[in-house]
Amino acid sequence: METPAPAVPRPVDDARHQQVHDAVRALVREQGAQVSMDAVAERAGCSKQTLYARYGSKQALLMQVLSEESRRAVVLAGVPDAASLRPGLVAFARDHLARLSEPGTIGTARLLTGQAAQFPDEVRALYRIWIDGLQERLATWLRQAMRRGLLRHDDPHSAAELLLGMIVGLDFDRQRFLVPHRDTTDLQTQWAEFAVDSFLRAFAPPVSRT
């Protein structure tokens, strides 16, 4: 895989960038790791030269656009406190489950799994953007909660991985094997609350003894 050239940052509300963003997102869902600059240019309605001038390389373009998409997908806003800890995590869990239930999500996952042997570098790069990036953002939020005494002190990255596993459960596997899954808001909310409450019990701060 070619080494990405430095890209010039573009604001998310830039009209051309938004067209490129939409094109890349759609093409990754349709083609997985095989996205080409020619296809992006055609879908975005611009020239390939414009893409190279703005982003530097295909890898830099994918990294920038998909990183933006990943950051906007699931957000834990603000600094956690006693009032926002559980509601924030439940909202995060519910949103994560909802996005995993979208038809395009499981379709993209199947596509990338099938392409992993042929395009290992590209598939790993997408994993780093989507999965590692999500875990890192969640770990950062949990670390703040630990420092504020809202959760017991532990490895925040391990805690984030555990929480993500609890949230997803077997639901993504159910989708992969075409059996019924939690595809309604009520079912997703029930499971989100159960997973978060179980996590909070496991990571409850120690009771001070006087």
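**Reading a helix and its core**

Author: Let's start with helix α5 in this predicted model. Its buried residues are L85, L89, V90, F92, A93, H96, L97 and L100.

Reader: Where do those buried residues fall when you look down the axis of α5?

Author: Picture looking along the helix like a tube. Down that axis, the buried residues of α5 sit within an arc of 160°, so they line one face of the helix.

Reader: And what covers the buried residues of α5?

Author: Other helices do part of that job: the cover includes α6 (103–115), α7, α8, α9 (171–176) and α10.

Reader: How do I check the length of α5 against what a helix should span?

Author: Count 1.5 Å a residue. The 16 residues of α5 should then span 22 Å, and the end C-alpha atoms are 23 Å apart, which agrees.

Reader: How many residues are in the largest nonpolar core, and which have the most contacts inside it?

Author: That core has 27 residues, and L85, L89, L138, L142, L151 and F199 have the most contacts inside it. Two or more residues come from each of α5 (85–100), α7 (120–147), α8 (156–168) and α10 (185–202). Helix α7 gives the largest share, seven residues.

Reader: What does L142 touch, leaving out residues up to four places away in sequence?

Author: L142 touches L89, L151, P156, A159, A160 and F199. There's also a second, separate core, with 24 residues, including V20, V28, A41 and Y55.

Reader: Is E161 buried or exposed?

Author: Exposed means over 50% relative accessible area. E161, in helix α8, has 54%, so E161 is exposed.

Note on methods
Residues numbered from 1 in each chain as written. Predicted model: local features only at pLDDT ≥ 70, side-chain atom pairs only at ≥ 80, totals over all residues. Heavy atoms only, no water. Core = buried A, V, L, I, M, F, W, Y, C linked by side-chain atoms within 4.5 Å. Buried < 20%, exposed > 50% of the residue type's maximum accessible area, 1.4 Å probe, protein only. Helix = DSSP H or I, 4+ residues; strand = E, 2+ residues; numbered from the N terminus. Contact = heavy atoms within 4.5 Å. Expected span 1.5 Å × (residues − 1). Arc of directions from axis to C-beta.
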